[in-house]
Amino acid sequence: MAETNASAADQGGMKKTLSLWNFFTIGFGAIIGTGWVLQVGDWMVVGGGPVPAMIAFLLGAIALVPIGAVFGELTAAIPVSGGIVEYVDRTFGHTASYITGWFLALGNGILCPWEAIAISTLVSDMFGSLPGLEWLRAVKLYTILGADVYLFPTLIALAFAGYVIFLNFRGASSAAKLQAFLTKALLCGMLLAMGVSIVTGSPDNAMPVFSQVAGAGGGVAETESTNLLAGIVSVLVLTPFFYAGFDTIPQQAEEAAEGLNWNKFGKIITLALLAAGGFYMVCIYSFGTILPWNEFVAQPVPALACLKNINMILYVAMLVIATLGPMGPMNSFYGATSRIMLAMGRKGQLPEKFAEVDEKSGAPKLACVVLGIITVIGPFLGKNMLIPLTNVSALAFILSCTMVALACLKMRYTEPDLPRPYKVPGGKFGILLAILAGAIIIGLLVLPFSPASLNMVEWSIVLGWLVVGLILMFATKARAKK
């Protein structure tokens, strides 16, 4: 492992400042975000109640634990930025590595503008409805895909995004400090929901265990599942998107502080996954027991609407936390995606300019510029772009994770003597479980009869991204031969 570290340092000059706590907050903050506030009601409607939704998120976390362990083993053994590109290149070659890295850049990168859209949506729809803040929606810019875009919410979202971009240009240490603060804010939101549930709610409000809903007020209006098992499965196929983000931990491994315990590092990824699973389950239970859950889901954004009816101060507090929430994933995915592009630049898969880092901050310069442009476009796209980007991101993410699991298994045979400070529990059987979990989730996303299968718009985004990537790959190879 010492040779790998030296090699990485020679290539990039990355600053080694991140602690185990920094890595945990990077992963946990990327996973949680603000989806639990905006979509907890939809999860109950899809599943037919809080109980099916809780079971689904528990199963989703358990299914992804082997994949997290695979990342832990490879990252502890080969701690380089954008390591996924290195792992697949060493096992399956240049082309497979490029496609894997390119898809992960898609899965992670589009979440930066996704989160910017979420901020502008919250400011417009929620803050804009408060007495005295109607001016937030006073200047309408245009309508896109049926969604209205307003001037002031767009400017506020751009300010949030600009702060994240600025910190990432300053380097991983500055971005990590923001992530630590946001993690504490998210935990405060969970505690707030728990407190309201304990004081005003009742476990009886989570009953019946399964019930079909019609005319709900959120993004999902009715329950399509007809029984408890179908309800659990319907939510289960959604969980990969809401657990995406743990892969941001290994993407910045090259910036780990000197003397880091790599065995503990391998466990941090699994810990972040399980902590996120616990967070989701507590939030679903808390919100599902404040009111009878059938009443809870009848309102748009019910997590906020129910608090508004209970206490305006609690409502505003949760709204502030929900608006800060998207900065966490944006910050984590910004850092992770820029490191993926850095690694692809080092491998000659992208123009060599992507391999350059700032001498002072250690940040990948061109990658941060490209991501900055993509991120600031987000608020101008309108909230109806959130849905198509969600499934695309989930597929790109899980495809890349499955390739990493396959690389981990093959490396056990091709590089058996590679020092591995952390190993997947269960050895090769544990790695096979990771591959199986990835294959099942991919099947649920691509098979036509699956409730979460991609539609034509989403397939168009995936295929378009692949075509652009292949053109860029061949153009880069052609330039290299000159």
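Two strands count as paired if DSSP finds at least two bridges between them. In this predicted model, that criterion introduces the pairing of strand β1, residues 140–144, with strand β2, residues 147–150. The two strands run in the antiparallel sense and are joined over four bridges. Ile 144 has Ala 147 in β2 as its bridge partner, and Lys 140 is bridged to Tyr 150 in β2. Together β1 and β2 make a hairpin, with two residues between the strands. Within the turn, Leu 145 adopts a positive phi of about 55 degrees.

Attention may now pass from the hairpin to a pair of helices. Helix α8 comprises residues 151–170, and helix α17 comprises residues 327–346. These helices pack with their axes 10 Å apart and at an angle of about 35 degrees. The crossing of α8 and α17 is right-handed. On the α8 side, the contact is made by Phe 160, Ala 161, Tyr 163, Val 164, Ile 165, Asn 168 and Phe 169. Their counterparts in α17 are Met 327, Met 330, Asn 331, Tyr 334 and Gly 335. By class, the residues of the contact between α8 and α17 comprise nine nonpolar, three polar and no charged.

A further feature of the backbone lies in a loop. Pro 208 is found between α9 (172–200) and α10 (228–236). The peptide bond that joins Met 207 and Pro 208 is cis, with omega at about 0 degrees.

The last site to consider is Leu 389, which belongs to helix α19, residues 386–414. Is Leu 389 buried or exposed? Its relative accessibility is 8%. Buried means under 20% relative accessible area, and Leu 389 therefore counts as buried at 8%. Which residues does Leu 389 contact, leaving aside its neighbours within four places in sequence? The partners are Ile 110 and Trp 114. Leu 106 offers another view of this site: Leu 389 and Leu 106 are separated by 283 residues in sequence, while their C-alpha atoms are 9.9 Å apart in space.

Note on methods. Residues numbered from 1 in each chain as written. Predicted model: local features only at pLDDT ≥ 70, side-chain atom pairs only at ≥ 80, totals over all residues. Heavy atoms only, no water. Buried < 20%, exposed > 50% of the residue type's maximum accessible area, 1.4 Å probe, protein only. Contact = heavy atoms within 4.5 Å. Axes fitted to C-alpha atoms, helices over the stretch in contact; angles between N-to-C directions. Left-handed = near helix turned anticlockwise from the far one by under 90°. Nonpolar A, V, L, I, M, F, W, Y, C, P; charged D, E, K, R; others polar.
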